[in-house]
Amino acid sequence: MASGSCLLLWLLLVLPSFPISSASCRGIRLELTHADTRGDFTGIERIRRAADRSHRRVNGLLAAAPPSPATLQSGGADETAAVHASAATYLVDLAIGTPPLPITAVLDTGSDLIWTQCNAPCRKCFPQPTPLYAPARSATYANVSCRSSPCEALRNPRYHCSAPDPGCAYYFSYGDGTSTDGTLATETLTLGSGTTVRGIAFGCGTENLGSTDNSSGLVGMGRGPLSLASQLGITYPTITRFSYCFTPFSDKTASPLFLGPSATLSTTAQSTPFAPSPAGGRRSSYYYLTLEGITVGETLLPIDPAIFQLSPMGGGRFIIDSGTTFTALEERAFVVLARAVAARVGLPLASGVHLGLSLCFAAPEGKTEAVDVSRLVFHFDGAGMALPRESYVVEDRNVGVACLVMVSMRGMSVLGSLQQQSMHFLYDLDGGVLSFEPAECGEL
């Protein structure tokens with residue numbers, strides 16, 4: 001980063017009307033915790049929970065929940081997120097308001113809206129581990145008008161502002177039936193070790209259904225204008241990238257999330273461009289990649305590349321997602337992969353129903369480590385991602401089976417967080433590029 005940019009930002013710090021922080025020069029570090037580390041689960045239980053979560057997530061990625069009848073009647077802004085809020089994988093701790101109130105939220109690269117349950121008052125709220133945020137107790141809470149740019153970004157096209165200028169009502173639903181209904185506003189967020197960011201648009205939810213896995217709301221990190229990543233990039237010109245590194249699935253160590261200049265990789269990292277998103281709609285939030293093929297062992301699988309291409313209706317294509325645990329391949333591609341893996345392993349098939357997985361092998365003499373699954377490589381546009389064995393094989397030594405940790409889905413494909421473990425991923429929003437390299441995530 002140019003030193004002149006930081007000098008300009010330092011000068012702006014003395015002007016209170018500008019929401020500029022020195023964090024835009026040094027970057028921000030947050031810690032992510034896996035949702036299951038907050039419970040006393042065995043390794044097998046975590047695999048089963050991850051499988052259930054993954055199936056709920058992928059089943060909802062192309063689904064659209066109906067809008068709230070009350071919202072349609074009032075003409076408020078509404079949007080359906082094709083994700084599962086209760087399929088939370090990673091949680092992040094932050095604080096909201098002045099004075100700051102600590103909250104825990106789901107971090108989600110598959111949606112945009114930032115929201116938390118609000119006592120304003122709260123007409124319907126699900127249980128959460130921290131006190132409800134009360135906007136009346138914050139000196140920095142402010143409603144936004146229906147003609148504001150944040151409201152424009154979320155508005156139902158059927159909605160029309162009327163005089164006197166009303167606030168911005170919103171309704172946001174998720175594929176599992178979880179929903180949040182309330183008022184769009186702006187607030188100060190405290191991130192990491194005391195870094196404050198002002199004027200962040202968020203949803204103050206006063207009628208919320210479902211759950212978000214022991215958290216109070218959600219922090220969207222998608223490509224849309226209301227995500228935290230996008231809002232920081234507008235307010236802080238030097239925070240136009242973020243990175244994360246998921247520690248191994250079996251490890252309870254926190255995973256780092258870096259915002260801005262602290263998000264860096266080495267010169268040996270590989271890069272692939274983000275593919276264009278469909279114009280408008282919920283699927284424009286996703287980070288699309290161009291997957292050109294998959295190699296098992298030394299063999300490039302005979303998968304039609306068109307399977308991973310975006311259709312006019314928004315289906316197809318391949319996305320990277322923090323909220324889907326197990327990678328999901330479009331079923332035609334999954335069948336080809338499963339057959340190739342089974343042929344190379346050459347062992348009897350076994351049931352993986354108790355793990356929620358479909359391709360499992362009976363280990364010789366119960367020695368699961370002896371199940372030789374060939375190396376697996378995903379070939380993206382300009383980059384090859386070679387997965388370590390622990391990223392695509394899980395073992396149940398109690399019953400002597402080893403399973404491929406992937407699932408099938410219809411309509412699209414998703415690179416899940418398990419296959420992202422022990423890999424540092426950097427999202428360059430300005431450059432439109434995803435970069436990655438192997439890493440010891442717990443040491444970053």
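**Close-up views of a predicted model**

**View 1. A proline in a loop, joined the unusual way round.** P99 sits in the loop that links β3 (90–96) to β4 (101–108). Keep in mind that this is a predicted model. The peptide bond between T98 and P99 is cis, with omega at about 0 degrees. Why point it out? Most peptide bonds are trans, so a cis one deserves a look.

**View 2. A serine that links up with T98.** Stay with T98 for a moment and look for S138, which belongs to the loop between β5 (115–117) and β6 (142–143). Is S138 buried or exposed? Its relative accessible area is 11%, so S138 counts as buried. A polar atom of the S138 side chain lies 3.0 Å from the backbone nitrogen of T98. The side chain of S138 also makes a polar contact with the side chain of E187, at 2.7 Å. If you skip the neighbours within four places in sequence, the residues in contact with S138 are G97, T98, Y133 and E187.

**View 3. A cis bond in the loop between β5 and β6.** P121 is also placed in the loop between β5 and β6. Here the cis peptide bond joins A120 and P121, and omega is about -10 degrees.

**View 4. A strand tucked inside.** Strand β7 covers residues 169–173, and 4 of its 5 residues are buried, so the rest of the structure largely encloses it. Which strand does β7 join up with? It is β8 (residues 179–191): the two run antiparallel and are joined by 5 bridges. To find your way along the pair, look for Y170, which stands opposite G182 in β8. A handy rule for reading any such picture: in a regular strand, side chains alternate between the two faces of the sheet.

**View 5. An open sheet of four strands.** Read across this sheet and you get the order β19-β20-β24-β23, with antiparallel pairing. Its edges are β19 (349–350) and β23, each of which pairs on one side only. Between β19 and β20 there are 2 bridges, and these strands run antiparallel. A good landmark is L349, opposite F361 in β20.

**View 6. An alanine in a loop after β20.** A370 is in the loop between β20 (360–362) and β21 (376–380). Its relative accessibility is 42%, so A370 counts as partly exposed. Now look across to A402: the two residues are 32 apart along the chain, and their C-alpha atoms are separated by 9.3 Å.

**View 7. The largest pocket.** This pocket has a volume of about 460 Å³. How many residues line it? There are 21, and those nearest its centre are I47, F249, S250, V394 and E395. Both α3 (43–61) and β23 (393–396) supply at least two residues each to the lining. Sorted by class, the lining has 8 nonpolar, 6 polar and 7 charged residues.

**View 8. A serine with a positive phi.** S422 lies in the loop between β26 (413–415) and β27 (423–428). It isn't a glycine, yet its phi is positive, at about 60 degrees. Most residues other than glycine have a negative phi.

**View 9. Zooming out to the whole chain.** The protein chain has 7 helices and 28 strands. Of its 444 residues, 55% are buried. Take the contacts in the chain with a separation of 6 or more: 71% of them involve residues 24 or more positions apart.

Note on methods. Residues are numbered from 1 along each chain as its sequence is written. This is a predicted model: local features need pLDDT of at least 70, side-chain atom pairs count only at pLDDT 80 or more; totals for chains, interfaces and linings use all residues. Side-chain values use heavy atoms; hydrogens and water are left out. On a 1 Å grid over the protein atoms alone, a cavity is a set of points where a 1.4 Å probe fits but cannot get out, and a pocket is an open set with protein on both sides within 12 Å along at least five of seven lines; lining residues have an atom within 4 Å of a point. Grid points are joined across faces, edges and corners, and a volume is the space filled by probe spheres set on the points. Ala, Val, Leu, Ile, Met, Phe, Trp, Tyr, Cys and Pro count as nonpolar, Asp, Glu, Lys and Arg as charged, and the others, Gly among them, as polar. Buried means under 20% relative accessible area, exposed over 50%, partly exposed in between (1.4 Å probe, protein chains only). Two strands pair if DSSP finds at least two bridges between them. A polar contact is a pair of N or O atoms within 3.5 Å; within protein, one must be able to donate a hydrogen and the other to accept it, and residues adjacent in sequence count only if both atoms are side-chain atoms. Contact means heavy atoms within 4.5 Å.
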